[in-house]
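Here are some exercises to work through with the model open on your screen. Try each one yourself, then read the solution below it.

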Amino acid sequence: MGVLVWVKQELFSINPGFVHSPGFPYYLYPANLNLQWRLRADPGHRVRLDFHSLILEDDCQHDFIKAYDSLAPIEKRALTEQCGHPQKSLSFISGNVMLLTLVTNEENNFPGFKASYFQIPVTKLNCGGTMTEDKGLFSSPFFPSNYPPSTSCVWNIEVAKEKFVKVDFKKFFVGNQSDISLCLLLLTFVITIKSNKVTITFNSDSSYVDQGFTAEYEAFIPTDSCPGRFQCNNSLCISKISQCDGWNDCGDNSDEINCTCDASQIQCKNGHCKPKSWLCDGIDDCGDNTDEQNCTCPGKFKCSNNRCIKKTLQCNGRDDCGDNSDELNCTSVCSAFTFHCSNGLCISKLNPECDGVQDCEDGSDEANCDCGTNLYSSTRIVGGQSASVGEWPWQVSLHFKGLGHVCGASVLSDRWLLTAAHCVQDTTVYKLSHADQWEAFLGLHVQNQTNEWTVKRGVKQIIAHRYYNRYTEDNDIALMELDTRVSLTQHIRPICLPSSTYYFHSDQEAWITGWGTTLQGGVSASVLQMAEILIFSSRLCNLLLYYRVTDNMLCAGFLSGGVDTCQGDSGGPLSVANSHGRFFLAGVTSWGKGCALSFRPGVYTRVTKYRSWIKEKSGV
């Protein structure tokens, strides 16, 4: 008979196959959806649903998918609710029926999902049993997939009478509605039982499943719980050669305490031993910065980040320091890190363009510098403040006919604007790629309030990057050509475009501007907002955002959150001032995980990666 699927309340019989959101993968899903798919397996079977792709809006109050262990949306039978782009297991198993729902609101549509469904015999549950060997493995049903609801498993472990049992939970992801008991409350991941017998019970209720756990048990003689190995304070056993090797093998650092360092190691002030090769490498390996203090780098080149490298690596055309400092102040040999003058010669000075000093013999580093200045010598926004009139003269408001303000953009010249490619992607409702449907407002300060310095222009053509990827947001950049030129004034001025070698360092101050929402899920601002944030290192940003950040992206914000771009700020500028107060376009507002969340910086298209593309397409 196979699995039956309901779509929009129409029942039809289908063999194991796929379900997906409307338009996937070619179009974003429509607004205001409330779709249902009903799955039914044969008697004695379960329904299994595996998501191959899931990209929804980050806020589950707006768009979400929800699966139930029933054919009606009964909250007590809800298996999961998902939104955003989750990285954990997305394989779900129910009883012999399942209801899948997709709900979307009226804005911010995304690619959606695709999932496969099939049925599996109930006998494949494979959990519980009796184990009598000295060592063994066990796990929750279907691990690493999510365990099914209303499940009970019992493992009875019995070893030789003269031995005790240790249970090491390698991975542990159990929802609030589930329970694991060892006749005691499970508080740590390694449990020592002073008995040769132990019963482990796993129960899941009828709602909200999780990935579960995998564990290993081992019998040991009470006088030696880690035979031939080192015992950590958390009862974990590791190889003795891992003790005092500089790595936290135990997980609680107990293998790196009270160590005696050998000749190949350095002694940290906190008593830890670390390999000498880690000395002065720009990374705080000791944890108290001992290994990065007083770095003189004898016989080596000292980087700006205190890292020491071989002198032969200096000025070799490669960033060996990690901060480009080994490629600065070199001879005029051209490389990927030197500024190319118009006469073909190169200089290695950091960010020489438009700094008020002529470095190129032909003066090309100071040419085309009528940009990046405003009326002030100072200096999607959450945590910001209202800007003053004329403070950000390169900020543009892009209106789509019938929708009003949709995205931001930056003025590059009297004819060209730069925005984000995702702003001009068609949906099932709106043809956002059609240039004649857009209007650009330059010199605007308050939405729906024009004045003598505000200019409205139509759009002649849109050039989105041909390799823009709507799933990863890579190459999220687009050019707009105005239908007629504008006069550049004190209220409408271009921002400076950085050369491909321009270097924006981590912790550098940057400014975000726009009319986006001032709270996640809130309403758009009427007055132009601005806020100051900091640029993140690429390594830290990738760690915080699950390694979704490519070399074409730049991150900025605060670890504590509170200040960020948000919905409606997309396509707008990330502006950075040089030492002379001239602003350069470091990034184009692209994407993020929510708005202004802790440890979730905003992500911007890195403009330096597209300098030649902008020149090729627009001549700017």
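**Exercise 1.** Which backbone nitrogen does the side chain of Asp 63 reach in this predicted model, and is Asp 63 buried or exposed?

*Solution.*
- Step 1: find the residue. Asp 63 sits in the loop between strand 5 and strand 6.
- Step 2: follow the side chain. At 2.8 Å you hit the backbone nitrogen of Asn 105.
- Step 3: look for a side-chain partner too. Tyr 29 offers one, and the two side chains make a polar contact of 2.7 Å.
- Step 4: check the accessibility. Buried means under 20% relative accessible area. Asp 63 comes out at 0%, so it counts as buried.
- Step 5: list what surrounds the residue. Leaving out residues up to four places away in sequence, Asp 63 touches Tyr 29, Glu 57, Cys 83, Val 103, Thr 104, Asn 105, Glu 107 and Asn 108.

**Exercise 2.** Cys 83 turned up in that contact list. Work out which cysteine Cys 83 is bonded to, and which parts the pair ties together.

*Solution.*
- Step 1: find the sulfur partner. Cys 83 forms a disulfide with Cys 60, with the sulfur atoms 2.0 Å apart.
- Step 2: get the handedness. The torsion about the S-S bond of Cys 60 and Cys 83 is about -95°, so this disulfide is left-handed.
- Step 3: place both ends. Cys 60 is in the loop between strand 5 (45-55) and strand 6 (64-68), while Cys 83 is in the loop between strand 7 (78-82) and strand 8 (91-93), so the bond ties together parts that are 23 residues apart in sequence.
- Step 4: check how open each end is. Cys 60 has a relative accessible area of 22%, which makes this end partly exposed. Cys 83, at 14%, is buried.

**Exercise 3.** How many disulfides does a search of the whole structure find? Take the links Cys 341 to Cys 360 and Cys 371 to Cys 496, and give the handedness of each.

*Solution.*
- Step 1: count. The search finds 9 disulfides.
- Step 2: start with Cys 341 and Cys 360, whose sulfur atoms are 1.9 Å apart. The S-S torsion here is about -80°, so the link is left-handed.
- Step 3: see what this pair connects. Cys 341 lies in the loop between strand 25 (339-340) and strand 26 (346-347), and Cys 360 in the loop between strand 26 and strand 27 (385-386), so to speak distant parts of the chain, 19 residues apart.
- Step 4: check burial. Cys 341 is buried at 7%, and Cys 360 is buried at 2%.
- Step 5: move on to Cys 371 and Cys 496, with an S to S distance of 2.0 Å. The angle about this S-S bond is 95°, giving a right-handed link.
- Step 6: check burial again. Cys 371 counts as buried at 7% relative accessibility, and Cys 496 is buried at 1%.

**Exercise 4.** Which residues of helix 2 are buried, and what covers them?

*Solution.*
- Step 1: pick out the buried residues. In helix 2 (residues 611-618) they are Trp 613, Ile 614 and Ser 618.
- Step 2: see how they are arranged. They span an arc of only 100° around the axis, which puts them on the same side of helix 2.
- Step 3: turn to the other side. Ser 612 and Glu 616 are exposed there.
- Step 4: find the cover. It includes strand 30 (416-419), strand 32 (455-464) and strand 33 (478-482).
- Step 5: look just past the helix. Gly 619 follows helix 2 and has a positive phi, near 80°.

**Exercise 5.** Which residues touch the most other members of the largest nonpolar core?

*Solution.*
- Step 1: name them. The core has 49 residues, and the best-connected are Leu 398, Leu 417, Trp 438, Leu 442 and Ile 614.
- Step 2: trace the suppliers. Helix 2 is one of the elements that give at least two residues each, and others include strand 28 (395-400), strand 29 (404-411) and strand 38 (583-591).
- Step 3: zoom in on Ile 614. Beyond its neighbours within four places in sequence, Ile 614 contacts residues including Leu 412, Leu 418, Ile 477, Leu 479 and Leu 497.

**Exercise 6.** How far apart in space are Asn 126 and Glu 366, C-alpha to C-alpha?

*Solution.*
- Step 1: locate Asn 126 in the loop between strand 10 (112-121) and strand 11 (129-131). At 70% relative accessibility, Asn 126 counts as exposed.
- Step 2: read off the separation. The two residues are 72 Å apart in space and 240 residues apart in sequence.

Conventions:
Residues numbered from 1 in each chain as written. Heavy atoms only, no water. Buried < 20%, exposed > 50% of the residue type's maximum accessible area, 1.4 Å probe, protein only. Helix = DSSP H or I, 4+ residues; strand = E, 2+ residues; numbered from the N terminus. Arc of directions from axis to C-beta. Contact = heavy atoms within 4.5 Å. Disulfide = S-S within 2.5 Å. Polar contact = N/O pair within 3.5 Å; in protein donor to acceptor, adjacent residues only side chain to side chain. Core = buried A, V, L, I, M, F, W, Y, C linked by side-chain atoms within 4.5 Å.
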